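Here's a quick walk through one model, with the cut-offs spelled out along the way. Have a look at the sequence and the fold before reading on.

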Amino acid sequence: MNRTDFLRTLAGGTFAVGAIGNQVFADSSFDLLNAETAPFKQASLPYDFAALEPYIDKLTMEIHYGKHHAAYVKNLNDAVKGTAFESKSLEDILKTISKAPAAIRNNGGGHWNHTFFWEIMGPQKGGEPKGALADAIKSQFGSFEKFKEEFAKAGATRFGSGWAWLVAKGGKLSIGSTANQDNPLMDVSDIKGTPLLALDVWEHAYYLHYQNKRPDYIKAFWNVVNWDKVAEKFKKA
Ligand code: MN3
């Protein structure tokens with residue numbers, strides 16, 4: 001891990017500050033100060049990098065969380081610096097993203113989407129949703145199997161880079177996809193609503209292990225979905 005990566009990890013809260021030692025502080029006080037005062041921070045990954053194996057491999061998770069997501073956070077902080085966006089919540093920025101520069105749209109979306117994505121996955125998960133969420137899925141899509149088919153199709157047919165989504169809006173569930181780092185909270189999005197489930201279909205999310213076989217990655221994703229977390233989001237929606 002080089003110094004910049006180390007500080008990004010530090011900003012993400014993976015290491016306790018007390019464990020760092022004086023040398024690093026003395027050497028990196030400027031970067032550290034930036035990381036501490038920057039408005040947007042990368043939360044720790046809620047599980048180990050290897051926790052989602054064999055479905056999502058450790059190296060992909062290390063690079064995805066430690067490089068890609070970390071870069072969105074850094075670039076978002078750089079993009080809002082000295083602007084009115086600096087004091088706004090990310091959700092508020094996303095709601096009126098059409099008024100923001102592209103750097104904030106891409107990196108703000110990137111930060112929000114990845115934070116959400118890590119949350120709705122977990123080790124020893126998968127299976128099927130239960131309770132009210134299971135009922136809502138069945139009534140909207142016919143069956144859990146049909147829902148999975150439609151969601152997989154949204155992910156597989158998104159051309160280039162983007163995300164597949166399950167959202168709730170006005171008591172109804174719907175499936176769709178967004179390009180790049182757009183998401184259903186954005187005023188520019190075709191699909192709008194409260195995100196319940198998301199799948200990153202950028203090549204960086206799967207290429208090391210699955211290469212060009214995006215459908216295989218989507219199939220494997222069902223083994224790591226944390227349905228309890230999705231149900232929690234459904235309850236609040
Ligand atoms: Mn990604």
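Let's start with burial: buried means under 20% relative accessible area, exposed means over 50%, and partly exposed is in between, using a 1.4 Å probe and protein chains only. By that yardstick His-64, at 2% relative accessibility, counts as buried.

Some ground rules. This is a predicted model, where local features need pLDDT of at least 70, side-chain atom pairs count only at pLDDT 80 or more, and totals for chains, interfaces and linings use all residues. Residues are numbered from 1 along each chain as its sequence is written, and side-chain values use heavy atoms, with hydrogens and water left out.

**The metal site**

Which residues coordinate the manganese ion? The donors are His-64 (NE2), His-114 (NE2), Asp-200 (OD) and His-204 (NE2), at 2.0 to 2.1 Å. Donors here are N, O and S atoms within 2.8 Å of the metal (3.2 Å for Na, K and Ca); water is not among the atoms, so sites may look incomplete. Along the chain, the donors of the manganese ion are spaced H-x49-H-x85-D-x3-H. The pair His-64 and His-204 links distant parts of the chain, 140 residues apart: His-64 is in helix H3 (residues 58-80), and His-204 is in the loop between S3 and H8. Strand S3 spans 194-200 and helix H8 spans 207-210. Helices (H or I, at least four residues) and strands (E, at least two) are DSSP runs, numbered from the N terminus.

His-204 is buried as well, with a relative accessible area of 19%. Its side chain makes a polar contact of 3.0 Å with that of His-64 and another of 3.4 Å with the side chain of Asp-200. A polar contact is a pair of N or O atoms within 3.5 Å; within protein, one must be able to donate a hydrogen and the other to accept it, and residues adjacent in sequence count only if both atoms are side-chain atoms. Leaving out residues up to four places away in sequence, His-204 touches Thr-60, His-64, His-68, Tyr-72 and His-114, where contact means heavy atoms within 4.5 Å.

**The core**

In soluble globular proteins, nonpolar side chains tend to be buried together. A nonpolar core is a set of buried Ala, Val, Leu, Ile, Met, Phe, Trp, Tyr and Cys residues joined through side-chain atoms within 4.5 Å. The largest one here has 57 residues, and those with the most contacts inside it include Met-121, Phe-147 and Trp-227. Strand S1 (residues 162-169) gives the most to this core, with six residues. As for Phe-147, the residues it touches include Leu-166, Leu-197 and Trp-227, not counting those up to four places away in sequence.

**Salt bridges**

A salt bridge is a side-chain nitrogen of Lys or Arg within 4 Å of a carboxyl oxygen of Asp or Glu. By this rule the count comes to seven, including these:

| Pair | N to O distance |
|---|---|
| Glu-62 and Lys-58 | 3.7 Å |
| Asp-78 and Lys-74 | 2.7 Å |
| Asp-182 and Arg-105 | 2.7 Å |

The Asp-182 and Arg-105 pair links distant parts of the chain, 77 residues apart: Asp-182 is in the loop between strand S2 (172-179) and S3, while Arg-105 is in helix H5 (residues 102-119). Asp-182 is buried at 10% relative accessibility, whereas Arg-105 is partly exposed at 28%. Glu-62 and Lys-58 are four residues apart in helix H3, so about one helical turn separates them. Asp-78 and Lys-74 also lie in helix H3, four residues apart.
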